[in-house]
Amino acid sequence: MELFRFIREEIQVVQERDPAIKSPLEVILYPTFRVMLSYRRAHKLYQKGHFFLARFISQRAARKTGIEIHPGAIIGKGFFIDHGSGVIIGETTIIGDNVTLYQGVTLGGTGKETGKRHPTLCDNVMVSAGAKILGSFTIGENSKIGAGSVVLEEVPSNCTVVGVPGRIVKRDNQKVPRSDMDHIHLPDPVKEDIMMLQRENTALCNKVIDLEKQLKELKKDLPSGDTTMPTGNKMERIQREYEDL
């Protein structure tokens, strides 16, 4: 009965988050379905102390699906891995309900420390393709990790993280990631900074051009051969503005 319940739940999860699926029968072809079936068996064995057998099952599933989930990891309901190749989930990872991972995601540690050394992902977190979350800290619920990001510290709830190292670029985003599955339209802080610098540089260049034009006009008013600049208020103002740039 538990196996049938798992299959029914997995069909619902895949149909909800992958528009490519055309029939429920296709679910059995998905790597996420096959690896989670193996993981549930391996996790039960791991909890009972049958560590070798648990690792044997998990490594066999990794060779077949390209997804490596340590049997010691704790994974909640509604877990979904889209595509899946290259996904690695460490031993002490804790994953809440309705979490979504894309291909190439790593939930790993940072060294040989003992105890809790892998991240905790709360409910409704989405981790985009190629992202790396390394260390023992928490990613808050409803948060979204951008593609290729490297996250090395805790992320509060309802946040969007991008970059290397990962930086929070949006807070209090109340959308639930699994409802739209949008991992493309994320803020780009580097691009925004470059555009701001470009605008400021353009304004500065225009100011310099205007001041140079005003200086040329004042020089034209000087008598022929006279190189002494006038000391009027207008000239002094222009010189001060030019020096301030």
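Start with the second largest pocket: its lining splits into four nonpolar, two polar and four charged residues. Keep in mind as you click around that this is a predicted model.

**Stop 1: the second largest pocket**

Select R34, V35, S38, R41, F56, I57, R60, A61, K64 and T65, and you have the lining on screen. The space they surround comes to about 170 Å³. Now colour by helix. Helix 2 and helix 3 (51-65) each put at least two residues into this lining. Which helix gives the largest share? That's helix 3, with six residues.

**Stop 2: the largest pocket**

Next, go to E2, R5, F6, R40 and K44. Of the 19 residues that line the largest pocket, these lie nearest its centre. The volume here is about 420 Å³. Show helix 1 (2-17) along with helix 2, since each of them supplies at least two of the lining residues. If you colour by residue class, you'll get eight nonpolar, three polar and eight charged residues around this pocket. As for how such spaces are found in the first place, rolling a probe the size of a water molecule over the atoms shows where empty space is left.

**Stop 3: the aromatic pair**

How many aromatic pairs turn up in a search of the whole structure? Just one. Select Y46 and F51 and show their rings: the centres are 4.9 Å apart and the planes sit at 65 degrees, so this pair is edge-to-face. The cut-off for that label is over 60 degrees.

Switch on the surface while you're here. Y46 has 19% relative accessibility, so Y46 counts as buried, the limit being under 20%. F51, at 44%, counts as partly exposed.

**Stop 4: T32**

Last, pick T32, which you'll find in helix 2 (residues 31-47). Is T32 buried or exposed? Buried: the relative accessible area of T32 is 0%.

Hide the surface and look at what surrounds T32. Setting aside neighbours within four places in sequence, the residues in contact with T32 are E10, I67, F79, F80 and I81. Zoom in on I81 and draw a distance from its backbone nitrogen to the T32 side chain; the value to look for is 3.2 Å.

For a parting view, keep helix 2 on display: T32 is in this helix, and helix 2 also supplies at least two lining residues to the largest pocket and at least two to the second largest.

How values were computed
Residues are numbered from 1 along each chain as its sequence is written. This is a predicted model: local features need pLDDT of at least 70, side-chain atom pairs count only at pLDDT 80 or more; totals for chains, interfaces and linings use all residues. Side-chain values use heavy atoms; hydrogens and water are left out. Helices (H or I, at least four residues) and strands (E, at least two) are DSSP runs, numbered from the N terminus. Buried means under 20% relative accessible area, exposed over 50%, partly exposed in between (1.4 Å probe, protein chains only). A polar contact is a pair of N or O atoms within 3.5 Å; within protein, one must be able to donate a hydrogen and the other to accept it, and residues adjacent in sequence count only if both atoms are side-chain atoms. Contact means heavy atoms within 4.5 Å. Rings of Phe, Tyr and Trp (its six-membered ring) pair if their centres lie within 6.5 Å; planes under 30 degrees apart count as stacked, over 60 as edge-to-face and the rest as tilted. On a 1 Å grid over the protein atoms alone, a cavity is a set of points where a 1.4 Å probe fits but cannot get out, and a pocket is an open set with protein on both sides within 12 Å along at least five of seven lines; lining residues have an atom within 4 Å of a point. Grid points are joined across faces, edges and corners, and a volume is the space filled by probe spheres set on the points. Ala, Val, Leu, Ile, Met, Phe, Trp, Tyr, Cys and Pro count as nonpolar, Asp, Glu, Lys and Arg as charged, and the others, Gly among them, as polar.
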